[in-house]
Amino acid sequence: MTQIITTHKNADFDAFASLVAATLIYPKAVAAIPKSVNPNVRAFISIHKDIFDYVDRWRVETGKVTRLIVVDTSDWSRLGPIAMLNKRTNLEVLVWDHHTDGDIDAAWKCQEAVGATITLLVRQLKTMRKLITPIQATLFLAGLYEDTGNLTFSSCTAEDAYAAGWLLDRNADLALVSKFLRPAYGEKQKDVLFEMLQNTNRLKINGYSVSISRIHIGGHVGSLALVVRMFRDIVNVDAAFGLFVSEEKSGRQKCMVIGRSDNDGLDVGTIMKSMGGGGHPGAGSAMLKGVNPEIAEQMIIDLIKGNQQSSVQISDMMSFPVFSVPSDTSMAAVAKILRQRGCTGLPVVDGGVLAGIISRRDFKKIRKQGQLQAPVKAFMSRRVISIEPGKSPVQAARTLVHHDIGRLPVEEDGRIIGIITRSDVMMYFYDLLPD
Ligand SMILES: [Mn+2]
């Protein structure tokens, strides 16, 4: 019986780590690495060549394989040439994967939505009480950190953190992990970044600052996602999109779209899914073949406009009707209302129009007892910051923080229609909004 362990094309650290971990679980199986491997994994392998037992996949005599163990994918299409085995009937397939979709019909599966596949294999090694070396622990942790963004991606689960703890306990070397995870930024990437800095369309869409760069690249340039991320950090927009255009052999244009967002309201993954790609809220990509880049740019703009309408708006989370006082109310009366209602401030409204805001802080301006009989308009703050109902929770949060205020009246056509407080925004971010 010949057993083979394999993984997806363009193997990343999670894929390679899972491959090596699987050799410990299935000692009789041979690890076969795909021809294409990510550059940083390539660098790791070249230094540690003698330590890991594996063969190049093209050396495998596929005819003799009776058991195929697939890690970090459940999709035949991602396996490259070895996918031709899918026609065999006498082949036992086992899958370890954290992607929950895929078309491999396996005899046995460990498929769970955790941050990295290596987490699932580490759990098994732990159960089997396997001893692993510090180098193995370092490689496994690199895979875990890469796929979970150092345990910060929203896909990361408690399981992933337990696995990381176990690996650190097994002396995984953090200095090495960060050294190998440092992405490849070279001359080509620098050229692309410089061109993006000179040649980018910056727009304001639904209150979001967005940049779209159309760059023509001759042939393959790796790590473009890294370049887009660096560009977004430098120009500090809510979301940056790179459209990387090149020609196929047939002369047809292809356009690689890569997006990065730093704003929770602007979900790049959803936008890329609509363009036939994928990703998560902060990062995504799509490959468009035979599409004019100008059209691709317009698609992104339209999708951001549409995307905004479906997400949560201020009008969904504001409180209304608004309890307010007219501007001739005495400060003594205002103090009583604040005490009774247990709130820290109130809008001051005359005839439906916002005149100011009075808050507990303003009472510090009162010097003499007699001033308590003065009208609220003498003490309220008139420089009122308000927000429109169509804005996003993120924009509300930014406004509150920027002006250091606790409440934000929601205004439409000069009239106050609701109010949003710091606690409303907190509830939203911690996902505590009632349904
Ligand atoms: Mn993975």
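**Entry 1: two helices**

I began with H3 and H4, which are oblique to each other. This is a predicted model, and I kept that in mind throughout. What numbers lie behind the word "oblique"? I looked up the angle between H3 and H4, and it is about 140°. Angles over 145 degrees would count as roughly antiparallel, so a pair at about 140° falls in the oblique class. The axes of H3 and H4 are 8 Å apart. H3 covers residues 117-127, and H4 covers residues 134-148.

Next I asked which residues make the contact. From H3 come Ile118, Thr119 and Val122. From H4 come Phe140, Gly143 and Leu144. I sorted this contact by class and noted 4 nonpolar residues, 2 polar ones and no charged ones.

**Entry 2: around H3**

I then checked H3 for burial. Its buried residues are Thr117, Ile118, Thr119, Leu120, Leu121, Val122 and Leu125. What covers the buried residues of H3? I found that the cover includes the helices H1 (13-25), H4 and H5 (158-169). It also includes the strands S4 (65-71), S5 (92-97) and S6 (108-111). I stepped just past the end of H3 and reached arginine 129, which has a positive phi of about 55°.

**Entry 3: the sheet**

I moved on to the strands. I traced an open sheet of 6 strands in the order S7-S8-S9-S10-S12-S11. Its pairing is mixed. Which strands sit at the edges? They are S7 (200-205) and S11 (278-280), and each of them pairs on one side only. From one strand to the next, the twist averages 15°. I also found a helix on this sheet: H7 (residues 187-198) packs there and touches S7, S8 (208-216) and S9. The direction of H7 makes about 125° with that of S8.

**Entry 4: S10 and its neighbours**

I picked S10 (residues 253-261) for a closer look. Is S10 mostly covered or mostly open? It is mostly covered, with 7 of its 9 residues buried.

On one side I followed S9 (residues 239-247), which runs antiparallel to S10 and is joined to it by 9 bridges. Within this pair, valine 245 has cysteine 255 of S10 as its bridge partner. Phenylalanine 241 stands opposite glycine 259 in S10. The hairpin of S9 and S10 has 5 residues between the strands. There I noted glycine 251, whose phi is positive and near 90°.

Then I turned to S12 (residues 283-289), which pairs with S10 over 7 bridges, again in the antiparallel sense. I looked up cysteine 255 once more: its bridge partner in S12 is leucine 288. Cysteine 255 therefore has a bridge partner in S12, leucine 288, as well as valine 245.

**Entry 5: the whole chain**

Last, I stepped back. I counted up the secondary structure and got 14 helices and 16 strands. How does the chain's radius of gyration stand against that of a compact globule of 435 residues? The globule would have a value near 22 Å, but the chain has 28 Å. The C-alpha trace spans about 95 × 55 × 40 Å along its principal axes. Buried residues make up 37% of the 435 in the chain. Of the contacts with a separation of 6 or more, 64% join residues 24 or more positions apart.

Conventions
Residues are numbered from 1 along each chain as its sequence is written. This is a predicted model: local features need pLDDT of at least 70, side-chain atom pairs count only at pLDDT 80 or more; totals for chains, interfaces and linings use all residues. Axes are lines fitted to C-alpha atoms, for helices over the stretch in contact, and angles run from 0 to 180 degrees between N-to-C directions. Helices (H or I, at least four residues) and strands (E, at least two) are DSSP runs, numbered from the N terminus. Angles under 35 degrees count as roughly parallel, over 145 as roughly antiparallel, 65 to 115 as roughly perpendicular and the rest as oblique. Two residues are in contact if their C-beta atoms, placed from the backbone, lie within 7 Å. Ala, Val, Leu, Ile, Met, Phe, Trp, Tyr, Cys and Pro count as nonpolar, Asp, Glu, Lys and Arg as charged, and the others, Gly among them, as polar. The radius of gyration is taken over C-alpha atoms; the globule rule is 2.2 Å times the number of residues to the power 0.38. A residue is buried if 20 or more other C-beta atoms lie within 10 Å of its own, exposed if 12 or fewer, and partly exposed in between; C-beta atoms are placed from the backbone. Two strands pair if DSSP finds at least two bridges between them.
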